[in-house]
Amino acid sequence: MDTSSEKVMDLKTAVARFVPDGAHISIGGFTCNRNPMAAVYEIIRQRKTGLHLYAHSNGQGVDELVGAGCVARVEIAYAGTGRFAPTCIRFRKAVENGTIAVEDYSNYQMTLRFLAGAMGVPFLPTRSALGTDIIRRWGFSEALRRSNPRLPNEKLVVMDNPFGGWAETDRVVLVPAIRPDVTLLHVQKAGRDGTARIEGLTFADVEQAKAARHVIVTCEDLADAGELRAHPHLNQLPGILLDAVVHVPHGAYPTACYRYYDYDPAFLNDYRTAATDDERYTRYLRDWIFEPSDHREQHARIPEGRLAAIQADPHTGYAKGLKR
Amino acid sequence: MPGYNARELMAIAAARKINDGEIVFCGTGISMLAAMAAKHICAPNSIIIFETGAIDSQLEEIPMAVGDSRVMLGASSNSGLADSFALMQNRTTGRHVVGILGAAQIDLFGNLNSTVVGDYDRPSVRFAGSGGAADVASFVDRTLIFMQHERRKFVSNVDYLTSPGWLDGPDGRRKAGLPGNGPAAVISNLAVMGFDDATREMFLEAYFPGVTPQAVLDNMEFTVDLSRARELEPPTERELRILREIVDPQRLILGG
């Protein structure tokens, strides 16, 4: 939170200021859409380590943060990038090799957990996943939970409906609130004051932002705050929630940004090839993330014609007939 | 009779199971084909929803994932996960939702694993995880499940129970506190399986043309009742034309 009217800064500064090693972070978007990729790449470039990552179905961003070794623990519902990687490849390797700790939830449970954090309550009830191993099996040990004050003592708690059988419900499972240090989002439009507008599906971005202590937003257009405030019903995030606004056109690339560009199938297919082999992946990290000093230099490496191919059609919001 | 492949028959077999007026929850892949095909084949008043928050999408191109911008096209409303999952469980709309799911493993009672193969603490294979599958399987009244028919996938015990089917039998869901009903059918590349009204155990409802009931059993770790089995009606020219020309002309999911 920051009530000042000037939040604009560069990405290096924002990440350095709000994402220390070991921070509890969450990233917005869903699978191959509107992941805050420029911010993810900057986190990797600054070689952050020991991050605790909260995600519902944040595909590409999760895989790159895990693949670069920034993440120690992840609480997640789904790690996949659609047809490009039905299971995120570096995530899968890290779990199978035991290099990250994973706690599994469902998408709705994660959504409610962010909402609980946003509301300032310790938990919310649902009936999701009753009777399953999501409730029975813990990925984080009891010892870790008891010794780490940033983690709730229990993964989930099942209890009888305290209102008797009200609303035809005998039993509920309580999901604990998530309270990230920082949430990173990429949106279509934001003002210098932090007022932010998401076009199309919001996924769980709004709950994720409101649950966090700090919020970094990258945007396609740095809009005039007055213009955004002329239509406040179209804005999802009030300016006070944001700590940093960073103008990063194509900041979700290689994932999609509705009405601006599609995901880049060529990139995501190449990524899959690189991710399956450790040596190739090391080269990928060097060439695509570490050698370029910032987003601008990185994007100068995108092959000619690729951004034009994924440019969104104004009527559909995606690239019609894109070779996928 | 026209030629067709197993994926085409799976999509059509699932589409035929969608009732007019139902709200169809779609996952990725072949379930989208089934939902889109159903609107043209048998359920013109069905609507398609996605967990990402797109309600009544008017799909023109096949989305590659439920987060694909293509799911937003012409939707009646686009919001987020919280709204979409609420729609699946509230008392007005929840009872009309049919969920289409897939998994790596399934057992006799239709419980699904999409999390790990092997021990959860040190898995030999890690999958993507529940996503919205456990939510949908918990909340809605009817689910259809797509599976590849292999012994290692139709197993006596799932390695990890991600999404609840009928749990341990007729009373399993009620005892656990789950609303609604478990799976209605499993559609594989060999057969369509139903679930017995009394025992909630899987049974062979129909085998694909050219497949024998024994071949179906040979590809499962557990045994199912065959007494009600018949040969599945092959796809009609019209059904195939809808699938190939309207639903997936780029053959993104139907494949070469």
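# A chat about chains A and B

Modeller: Let's begin with chain B, which has seven helices and 14 strands. Helices (H or I, at least four residues) and strands (E, at least two) are DSSP runs, numbered from the N terminus.

Biologist: How compact is chain B?

Modeller: The radius of gyration of chain B is 17 Å, close to the 18 Å that the globule rule gives for 256 residues, so chain B is as compact as a globular protein of that length. That radius is taken over C-alpha atoms, and the rule is 2.2 Å times the number of residues to the power 0.38. The C-alpha trace of chain B spans about 45 × 45 × 35 Å along its principal axes.

Biologist: Where do these coordinates and numbers come from?

Modeller: This is a predicted model, in which local features need pLDDT of at least 70 and side-chain atom pairs count only at pLDDT 80 or more, while totals for chains, interfaces and linings use all residues. Residues are numbered from 1 along each chain as its sequence is written, with chains lettered from A and ligands numbered from 1 in the order in which they are written.

Biologist: What is the mean pLDDT of chain B?

Modeller: It is 95, and 99% of the residues of chain B reach 70 or more. pLDDT is the predictor's confidence in each residue, from 0 to 100. The model also scores ipTM 0.97 and pTM 0.97.

Biologist: Over to chain A. How many helices and strands there?

Modeller: Chain A has 13 helices and 11 strands. Its radius of gyration is 20 Å, which agrees with the value near 20 Å for a compact globule of 324 residues. The C-alpha trace of chain A spans about 60 × 50 × 40 Å along its principal axes.

Biologist: How many residues of chain A are in contact with chain B?

Modeller: 51 residues of chain A are in contact with 45 residues of chain B, where contact means that the C-beta atoms, placed from the backbone, lie within 7 Å. On the chain A side, the elements giving two or more residues are α4 (89–96), α5 (107–119), α6 (133–136) and α8 (205–211).

Biologist: Which of them gives the largest share?

Modeller: That is α5(A), with four residues.

Biologist: Does α5 turn up anywhere else? I'd like to hear about a sheet.

Modeller: There is an open sheet of three strands in chain A, in the order β5-β7-β6 with antiparallel pairing. Two strands pair if DSSP finds at least two bridges between them. At the edges stand β5 (123–126) and β6 (157–160) of chain A, each with a single partner strand, so one side of each is left without a neighbour in the sheet.

Biologist: And how do β5 and β7 pair?

Modeller: In chain A, β5 and β7 (residues 171–176) pair in the antiparallel sense over four bridges. A:T126 stands opposite A:V173 in β7(A). As for α5(A), that helix packs on the sheet and touches β5 and β7 of chain A.

Biologist: Any odd backbone spots?

Modeller: A cis peptide bond joins A:Y253 and A:P254, with omega about 10°. A:P254 is in the loop between β11 (244–247) and α10 of chain A. Another spot is A:R34, a residue other than glycine with a positive phi near 50°. A:R34 is in the loop between β1 (24–27) and α2 (37–45) of chain A.

How values were computed:
Two residues are in contact if their C-beta atoms, placed from the backbone, lie within 7 Å. Axes are lines fitted to C-alpha atoms, for helices over the stretch in contact, and angles run from 0 to 180 degrees between N-to-C directions.
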